[in-house]
Amino acid sequence: MAYTQTNRTPEVMEKYKEVVRLRTLGFTFDDIASRVGYGSRQGAHDAYTAALKWWGTETVEEARRLEEERLE
C-alpha cells in the first residue's frame, strides 16, 4: 500500500526546502540526513522525493538538470 503524507506542516515544508537546496548543492543523502535531522539517508531521500512530487514538474526538471550536470 502506498504511503500518502498528510503532515505538510510549515516545519515539514521548511525541511523539504532545505533537503532540496542541499541536494542541488551536491550534498549526499547521508550528509543531508545529518544536517536536516533525518534518522537515515533513506529518510532524507524520501523527503527529497516527496518534495519534488509536492512542488511539481518544473522543480523536478530543474533538479534533474542539476543532477545531470553534476554527473558530467
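A residue counts as buried when its relative accessible area is under 20%. The legends below describe close-up views of a predicted model.

**View 1. The aromatic pair of F29 and Y48.** The structure contains 1 aromatic pair. In this pair, F29 and Y48 meet edge-to-face, with 5.6 Å from centre to centre and 65 degrees between the planes. The pair links distant parts of the chain, since F29 belongs to helix α2 and Y48 to helix α3, 19 residues apart. F29 has a relative accessible area of 15% and is therefore buried. Y48 is likewise buried, because its relative accessible area is 7%.

**View 2. The crossing of helices α2 and α3.** Helix α2 spans residues 29–36 and helix α3 spans residues 41–55; their axes come within 8 Å and cross at roughly 90 degrees. The helix α2 is therefore roughly perpendicular to α3. On the α2 side of the contact are F29, D30, I32 and A33, which meet R41, A44, H45 and Y48 of α3. Sorted by class, this contact comprises 5 nonpolar, 1 polar and 2 charged residues.

**View 3. The two faces of helix α2.** F29, I32, A33 and V36 are the buried residues of α2. They lie on the same side of α2, because they cover an arc of only 100 degrees around the axis. These buried residues pack against α3 and against α1, which comprises residues 10–24. The exposed residues S34 and R35 are carried on the face of α2 turned away from its buried side.

**View 4. The residue after helix α2.** G37 comes just after α2 and takes a positive phi of about 105 degrees.

Definitions and conventions
Residues are numbered from 1 along each chain as its sequence is written. This is a predicted model: local features need pLDDT of at least 70, side-chain atom pairs count only at pLDDT 80 or more; totals for chains, interfaces and linings use all residues. Side-chain values use heavy atoms; hydrogens and water are left out. Axes are lines fitted to C-alpha atoms, for helices over the stretch in contact, and angles run from 0 to 180 degrees between N-to-C directions. Helices (H or I, at least four residues) and strands (E, at least two) are DSSP runs, numbered from the N terminus. Angles under 35 degrees count as roughly parallel, over 145 as roughly antiparallel, 65 to 115 as roughly perpendicular and the rest as oblique. Contact means heavy atoms within 4.5 Å. Ala, Val, Leu, Ile, Met, Phe, Trp, Tyr, Cys and Pro count as nonpolar, Asp, Glu, Lys and Arg as charged, and the others, Gly among them, as polar. Buried means under 20% relative accessible area, exposed over 50%, partly exposed in between (1.4 Å probe, protein chains only). The arc is that of the directions from the helix axis to the C-beta atoms. Rings of Phe, Tyr and Trp (its six-membered ring) pair if their centres lie within 6.5 Å; planes under 30 degrees apart count as stacked, over 60 as edge-to-face and the rest as tilted.
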